Amino acid sequence: MREILVAPFDAEHLDAVCRMEQRIFPDEPWSRQSFEDELKQPFSLNLTALVDGEAAGYLMGSCVADQASVNNLACGESFRRCGVARALMKAFLSQAEQRGASRFSLEVRESNLPAIRLYQEMGFVPVAKRARFYHHPTEDALLMVRDTNKKE
């Protein structure tokens, strides 16, 4: 297995990530401007996964007070099922916790069972559905949360 390096997302990754976004989400990709705007936000926590120096995936998130959210997470097709998403999520959770986050949220397509399993393994639980959240095809999203302060 090749080594996965998770690094802060910066402008040098933008071209590769925009190309990846277009391939993965051809019907509704984030625009280059959306990525650029996200990079300027003081509350953003954005990461890129690199394999052999190549952008293999990315996570765009935010962290405000004790709340953190994953806004966009994707892995290139040739890097799926090899730990890229897991590495990005672990780094995001760790860095967000260092910033004081204890509650995490994300939305995921109901049909994306591999992602749902990964998130559950990382302590996320489904708490609600968002009807018709996704398009092309139209599909509900599961809202999943992870609360590290919750007493069981």
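In the predicted model, residues 24 or more positions apart supply 59% of the contacts in the protein chain that have a separation of 6 or more. One such pairing involves Leu5, a residue of strand β1, which spans residues 4–8. Leu5 and Leu50 lie 45 residues apart along the chain, yet their C-alpha atoms are separated by 5.1 Å. When neighbours within four places in sequence are left aside, the contacts of Leu5 are with Thr48, Ala49 and Leu50. The relative accessibility of Leu5 is 47%, so this residue counts as partly exposed.

The secondary structure of the protein chain consists of four helices and seven strands. Read from the N terminus, the order of these elements is β-α-α-β-β-β-α-β-α-β-β. For 152 residues, a compact globule would be expected to have a radius of gyration near 15 Å, and the value of 15 Å computed for the protein chain agrees with this. Along the principal axes, the C-alpha atoms occupy a box of roughly 40 × 35 × 35 Å.

Of the 152 residues, 42% are classed as buried. The exposed surface of the protein chain amounts to about 8,500 Å², of which 48% is supplied by carbon and sulfur atoms. The charged side chains number 19 positive and 22 negative, and a distance of 5 Å separates the centres of the two sets.

No disulfide is found in a search of the whole structure. Cys18 takes part in no disulfide, and the nearest cysteine sulfur, belonging to Cys75, is 16 Å away. Cys75 is likewise in no disulfide; in its case the nearest cysteine sulfur is that of Cys82, at 7.4 Å. Because a disulfide requires two cysteine sulfur atoms within 2.5 Å, neither the 16 Å from Cys18 to Cys75 nor the 7.4 Å from Cys75 to Cys82 meets the criterion. Cys18 has a relative accessible area of 13% and is therefore buried. Cys75 is also buried, with a relative accessible area of 11%.

Positive phi values in residues other than glycine occur at Ala65 and at Arg81. For Ala65, phi is near 55°. Ala65 belongs to the loop between β3 (54–64) and β4 (67–75), and a relative accessibility of 60% places Ala65 among the exposed residues. For Arg81, phi is near 65°. Arg81 is located in the loop between β4 and α3 (84–98). With a relative accessibility of 72%, Arg81 is likewise counted as exposed.

A further loop residue, Glu110, is situated between β5 (103–109) and α4 (113–121). Glu110 has a relative accessible area of 28% and is thus partly exposed. Beyond residues up to four places away in sequence, Glu110 touches Ile116, Lys129, Glu139, Asp140 and Leu142. Glu110 and Cys75 are 35 residues apart along the chain, and their C-alpha atoms are separated by 18 Å.

Key: Residues are numbered from 1 along each chain as its sequence is written. This is a predicted model: local features need pLDDT of at least 70, side-chain atom pairs count only at pLDDT 80 or more; totals for chains, interfaces and linings use all residues. Side-chain values use heavy atoms; hydrogens and water are left out. Helices (H or I, at least four residues) and strands (E, at least two) are DSSP runs, numbered from the N terminus. The radius of gyration is taken over C-alpha atoms; the globule rule is 2.2 Å times the number of residues to the power 0.38. Buried means under 20% relative accessible area, exposed over 50%, partly exposed in between (1.4 Å probe, protein chains only). Contact means heavy atoms within 4.5 Å. Accessible areas come from the Shrake-Rupley method with a 1.4 Å probe; for residues, only the protein chains shown count as cover. Lys and Arg count as positive and Asp and Glu as negative; His and the chain ends are not counted. The place of a charge is taken as NZ of Lys, CZ of Arg, CG of Asp or CD of Glu.
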